[in-house]
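Thanks, everyone. I will take this model through its overall numbers, then its sheets, then some helix packing.

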Amino acid sequence: MSLNRFSSRLNRLDKTFLSKRLHKAHAYDRIAGYFSSSMLAVLSDALDTITGSIRVVCNSSLSIDDVKTAQAAQLAMRQEWSASDPITRYDSSKPQLQKLYELLKSGKMEVKVLPHTIFGLEHGKAGVITLEDGRKTAFMGSANETLQGWLTNYELVWEDDSPEAIQWVQAEFDYLWTHASAIPLANYVIEDIGRLAHRVVVPSIEVWREKAKAEEALVETPVFAKEFGLWGHQKYFINLAFEAHKSVSGARFVLADQVGLGKTVQLALSAMLMALVGEKPILVIVPKPLMLQWQGELRDLLDMPSAIWNGKRWIDENEIEYPESGAGGIKKCPRRVGIISQGLITRKSEALQYLKEMEYECVIVDEAHRARRSNLALGKENEKPEPNNLMQFILELSGRTHSLLLSTATPVQLNPIEGWDMLNMLSGNRDFVLGNSFSYWRKDPKRSLQMVMGKEVMPEEEAALWEWVRNPLPPSSESKDFGLIRKSLQLADNEPIAAPEAWEKLKEPDKKRVKNNGAAFGREHNPFLRHIVCRTREYLETTLDPATHEPYLKAVEVQLYGEQDYEAIELPLYLQNAYQCAEEFCTMLSARVKNAGFIKTLLLRRVGSSIEAGKITATRMLGDYMQAEEEGEEEEEAPESNGSAFELTEPECQKLKEFLTVLEASKEPDPKFANIFHYLSELNWLERGCIIFSQYWDSVWWLANALSKELPDIQIGIYAGGQKSGVMLNGDYHREDREIIKARVKRGEIKLLLGTDAASEGLNLQRLGALINLDLPWNPTRLEQRKGRIQRIGQLQDKVFIYNMRYRGSVEDRVHQLLSERLESIRNLFGQLPDTLEDVWVYVAENDMEKAQQTIAAVPEQHPFEIKYHRIESVPWERCARVLDATDRRKYLAKAW
């Protein structure tokens, strides 16, 4: 037995102690503060000679919440590794990285990590080495398992080979190694070590363009390096769109994935790649509330510059405004990607004419179902569309852009013809979508839809069948048969149409191929399947990835509360009287003011959120009605008016005063508060982490103050538009940047978040496991967007809880009763509720129950397209070692139009 002491002041610790002990050792168990591949710079030879296992348990900045599930642990470790900036740290250590990768992949070296909140291993470092002759020795000291720890820092090591010391250190190691929170090093980290070992930077954009592989430009963007990477269905679409864009015809697709499956990232990465290979502008058209979300995701997830048009001038990702103003200034976007509001188009802004004069690399339209025919009568099909302003604009731009991508979770809102309209918008100057002007797919929308839905079969007569098949003729990639038919006709894939007389040129085996495909052609080879990409959550959660034998997406179950009739919140008598006054006011206004449904129903919308919001709204209306109108945060564009049309009459003012008098007569609290507090405290939703949504700032502010009185020690985050975001603690509120709030939620520091619908897009809340809807927005899509904040890729919990609140007898309650029998079936059919159902709320508020029933009845009982558009594949982009330099990429994307 011996006791040895080592000091780096006197000798190099690697030479005098560690390398010597590890040479030809049988095993090495190590408790390390931090583990780093840099240790191999001094230990690679010694580790190579170890005949048995190398086991290291080390510290991590993970929290206990991070290791509750295996997937959460993997994702958290991926983020921690990426946040350590391994590219910079290990760029000069490629031989050591390769050695480490080989040791980890072979299983000779195993690494486990423990959350720092368990023990904080940076203060306890020790090890047991089984020497070449079978003896063991133990050591303790200050040295981390890093290059600095063993070579450059001042460190002390104490070695003791007594049985008592060895047993004691081994017991400590074994306890930590087998601890329930100790998890193996993430596979992503291991594979990234191997990737970095072979990393090569492409010299320039021009060199990259010679082969232009998507993964080389994307694998080191923040979405890979700081977030959760990309899932198989996302990679598939990005690659599909990019490869199509590089062809002569360009990319023409509808991305129709369900809410929460990352459509924005897919579109944005496609836009990045298209911008990098081309010279023309990228135009992104989105609803006004999504403009900042788009710019934020481009900046934060993709490290991608962009600019938004505020109606007068461009503003870049750094919030710098550019001087060119006026309608003509829209042609001078300071970035490759320019984002404009759909409201610009619906209002027929003067700037549109300038946009119509330009040529584009790609045009992207988010929430594209808003582009629709205005003559789609309830329950009827119209073959010739009368396009609304947005559809007309897209039709005009379709021929001026190389690629066109439309995005919507509901490509069909009510009628199959809307699906045809989507493809019609894609087909500008692109015969490969619906064929040319002689195509049956284009000339006869109603019959083509019958074919797709299996309600009508292809004609058996050869000439008629050939007309459907040839124009457009499916590409050879669609099936072997069509590849052989094209080869026989010497028709390349970029030639979409076969001539009518080509039938006579086909040999009998090829004619037989056409006939054999004829019976199923309308269902299996139609343009809808070719150009619509739609993946459902259920599909991704139940389909196994052949590479991993695991589902493509982790299942996240949703448990709903508040759906039963008895769960509607009973209003005390005085509030019932106040609500009745609000309804009477709405009825009076509806009789006088035509159209402008938002204006007429404003008070009912707000009082349905909270009594406080209703009170504030009525007070504002009595002071300045138009000011109250502009406060409606949920509206994309405020309705146009000349002001005088909305001056209140004396009876209307008296009804508002009566409403306020009833509320002032009683000081009982809003019953919604008691329900919320019950769920947060007694049902432990606060412990799970909870976000509470409202459409209105007034409701959020009221609730934040009320909760802070009851939960004085809890930090309440407030996430809203403008400069209203902040944190409240014990009634004390201070403003905070939204990015800081998001980061604190992500770290688990804020578990209660209150948000307006400014937070329903662009905010990823995988850390939170519960959601309360303080109010039910009359636009059903908003409800799905809220749910998508927690039921999304990367959610840490297997089940999320959602509570939908409504007052008994309110407009929301009456609409819920009307829809209750259809809600689940509609969601199952369409993936979410169609936007067109917003009219139901307005009709109910106006007591026009007949129109409300007609609108609900118009929703199909069955999805018009039973056939699925699922397409996905596993692409190992994470292993890509040849990469485009981030600085070059960013510099190119920052160029002006």
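Of the 897 residues of the chain, 58% count as buried, where buried means under 20% relative accessible area, exposed over 50%, and partly exposed in between, with a 1.4 Å probe and protein chains only. This is a predicted model, in which local features need pLDDT of at least 70 and side-chain atom pairs count only at pLDDT 80 or more, while totals for chains, interfaces and linings use all residues. Residues are numbered from 1 along each chain as its sequence is written, and side-chain values use heavy atoms, with hydrogens and water left out.

The chain has 43 helices and 28 strands; these are DSSP runs numbered from the N terminus, helices being H or I of at least four residues and strands E of at least two. Taking contacts between residues at least 6 apart in sequence, 75% join residues at least 24 apart. Contact means heavy atoms within 4.5 Å.

Now the sheets. One is an open sheet of eight strands with mixed pairing, in the order E1-E7-E6-E5-E2-E3-E4-E8; two strands pair if DSSP finds at least two bridges between them. Strand E1 (3-7) and strand E8 (183-184) are at the edges with a single partner strand each, so one side of each has no neighbour in the sheet. Inside the order, strand E5 (residues 126-130) and strand E6 (residues 136-141) pair in the antiparallel sense over five bridges, with Thr130 opposite Lys136 in E6. Helix H7 (residues 163-177) packs on this sheet and touches strand E2 (27-32), strand E3 (54-60), strand E4 (109-115), E5, E6 and strand E7 (156-160). The direction of H7 makes about 65° with that of E3; axes are lines fitted to C-alpha atoms, for helices over the stretch in contact, and angles run from 0 to 180 degrees between N-to-C directions.

Another open sheet also has eight strands and mixed pairing, ordered E13-E12-E14-E11-E15-E16-E10-E17. Its edges are strand E13 (314-316) and strand E17 (532-533), each with a single partner strand, so one side of each is left without a neighbour in the sheet. Strand E12 (residues 307-309) pairs with strand E14 (residues 337-341) in the parallel sense over two bridges, and Ile308 has Ile339 as its bridge partner in E14. Helix H12 (residues 232-245) packs on the sheet against strand E10 (252-255), strand E15 (360-365), strand E16 (401-407) and E17, its direction making about 160° with that of E10. Helix H18 (residues 417-426) also packs on the sheet, touching E10, E16 and E17, at about 160° to the direction of E16.

How many residues of H18 are buried? The count is 10 of the 10, so H18 is largely enclosed by the rest of the structure. Among them are Glu418, Trp420 and Asp421.

Next, a helix pair. Helix H13 (residues 263-277) and helix H14 (residues 291-302) pack at about 70°, with axes 11 Å apart. H13 and H14 are therefore roughly perpendicular, a label for 65 to 115 degrees, with under 35 counted as roughly parallel, over 145 as roughly antiparallel and the rest as oblique. The residues in contact include Leu267 and Met272 of H13 and Trp294 and Leu298 of H14.

Last, strand E26 (residues 770-773). Ala770 and Ile772 point one way and Leu771 and Asn773 the other, and all are buried. E26 pairs in the parallel sense over four bridges with strand E21 (residues 690-693), and likewise in the parallel sense over four bridges with strand E27 (residues 799-804). Cys690 is opposite Ala770, and Ile772 is opposite Tyr803.
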